[in-house]
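Please look over the sequence and the model shown below before reading on. The paragraphs that follow lead from the annotated regions to the overall fold, and from there to individual side chains.

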Amino acid sequence: MTKGRLEAFSDGVLAIIITIMVLGLQIPDGNTFDALKPLLFKFLSYLFSFIYVGIYWNNHHHLFQAVNHVNGKVLWANLHLLFWLSILPFATAWMGENNFTENPVALYGFILLMCALAFNILEKFCLDIEGKDSAIAKALKSTLKEKLSAGLYISGIILSFFYPIISVILYYTVALLWIIPDVRIEKTLK
């Protein structure tokens, strides 16, 4: 099967996810900059999630530049990833509404962990269909960033019950690791 419909559908879902998140930002009461202060955590939560959705969109795009074909497993793995990403607006709103407190930060971290695991499953199924000698297999030979990311997410989830702000810092440390599209794929495709 070709990959065009999968890419188009995924792009559409990611665009809707961002739209849902921005709709969660309410217009403040009043017309002064002080009226924006109560929205600080909501805006930061939105900003962080927007960055994460952008990272997934970029890396999804790069992954499918290296993949020539898809099959049913890849389609379902992609839907699995989109499922977890589609829950992100809920966790984003809950975390922002509650000023980054323990339980919302833990749920946010859990969803980020599940998104990461779902992306890893998608990569594995793409590797399976493309083969061991494919460009994508060569590009994804090292999994250090994936393992480090999972470790930071798990640490953040545990720490969220004691130090939620440190958890948020750990989650965005992971984002910094991935903010540049996966250079392993770019190098391999050149």
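**From annotated regions to side chains**

According to the unreviewed UniProt entry, the feature "transmembrane region" is placed at residues 6-27, 39-57, 77-96, 105-122 and 152-180. The model shown here is a predicted one, and the annotated stretches can be compared with its computed secondary structure. Over residues 39-57 the chain is 95% helix and 0% strand, with the C-alpha atoms at the two ends 26 Å apart. Over residues 105-122 the chain is 100% helix and 0% strand, and here the end C-alpha atoms are 26 Å apart.

The whole protein continues in this manner, since its secondary structure comes to eight helices and zero strands, which gives the pattern α-α-α-α-α-α-α-α when read along the sequence. Along its principal axes the C-alpha trace spans about 60 × 35 × 30 Å. The radius of gyration of the protein is 18 Å, which agrees with the value near 16 Å that a compact globule of 190 residues would have. Of the 190 residues, 44% are buried. Among the contacts with a separation of 6 or more, 79% are accounted for by residues 24 or more positions apart.

The interior can be approached through its nonpolar side chains. The largest nonpolar core has 53 residues, and those with the most contacts inside this core are Tyr 52, Leu 63, Phe 64, Tyr 108 and Tyr 171. At least two residues of the core are supplied by each of α1 (4-23), α2, α3, α4, α5 (135-139), α6 (144-159) and α7 (164-178), while the largest share, 12 residues, comes from α4. Leu 63 gives a view of such surroundings: when residues up to four places away in sequence are not counted, Leu 63 touches Phe 119, Leu 122, Glu 123, Cys 126, Ile 136, Leu 140 and Ile 185.

Aromatic rings offer another way into the structure, and a search of the whole structure finds 13 aromatic pairs. One of them joins Phe 48 and Phe 100, whose ring centres are 6.3 Å apart and whose planes stand at 45 degrees, so the pair counts as tilted. This pair links distant parts of the chain, with Phe 48 in helix α2 (residues 40-65) and Phe 100 in the loop between α3 and α4, 52 residues apart. Phe 48 and Phe 100 are both buried. Tyr 56 and Phe 119 form an aromatic pair that is edge-to-face, at 5.9 Å centre to centre and with 65 degrees between the planes. Because Tyr 56 lies in helix α2 and Phe 119 in helix α4, the pair ties together parts that are 63 residues apart in sequence. Tyr 56 and Phe 119 are both buried.

Phe 48 and Phe 100 also belong to one aromatic cluster, which is formed by Phe 41, Phe 48, Tyr 52, Phe 100, Tyr 108, Tyr 153, Tyr 171 and Tyr 172. What does Tyr 172 contact, leaving aside its neighbours within four places in sequence? Tyr 172, which is placed in helix α7, is in contact with Phe 48, Ser 49, Tyr 52 and Tyr 108. Tyr 172 counts as buried because its relative accessibility is 11%, where the cut-off for that word is under 20%. Tyr 172 and Pro 89, by C-alpha atoms, are 17 Å apart in space and 83 residues apart in sequence. A ring can also have a charged side chain over it, as with Lys 145, which lies over the face of Trp 178 at 4.1 Å from the ring centre.

The loop that holds Phe 100 deserves a second look for its backbone. Most residues other than glycine have a negative phi. Asn 99, found in the loop between α3 (72-97) and α4 (102-130), has a positive phi near 55 degrees, and the phi of Phe 100 is also positive, near 60 degrees. Are these residues buried or exposed, or partly exposed? Asn 99 is partly exposed, with a relative accessible area of 40%, whereas Phe 100 is buried, with a relative accessible area of 5%.

Definitions and conventions:
Residues are numbered from 1 along each chain as its sequence is written. This is a predicted model: local features need pLDDT of at least 70, side-chain atom pairs count only at pLDDT 80 or more; totals for chains, interfaces and linings use all residues. Side-chain values use heavy atoms; hydrogens and water are left out. Helices (H or I, at least four residues) and strands (E, at least two) are DSSP runs, numbered from the N terminus. Buried means under 20% relative accessible area, exposed over 50%, partly exposed in between (1.4 Å probe, protein chains only). Rings of Phe, Tyr and Trp (its six-membered ring) pair if their centres lie within 6.5 Å; planes under 30 degrees apart count as stacked, over 60 as edge-to-face and the rest as tilted. A charge sits over a ring if NZ of Lys or CZ of Arg is within 6 Å of the ring centre and within 35 degrees of the ring normal. A nonpolar core is a set of buried Ala, Val, Leu, Ile, Met, Phe, Trp, Tyr and Cys residues joined through side-chain atoms within 4.5 Å. Contact means heavy atoms within 4.5 Å. UniProt positions are given in the numbering used here, feature names are shortened, and annotations may be inferred rather than shown by experiment. The radius of gyration is taken over C-alpha atoms; the globule rule is 2.2 Å times the number of residues to the power 0.38.
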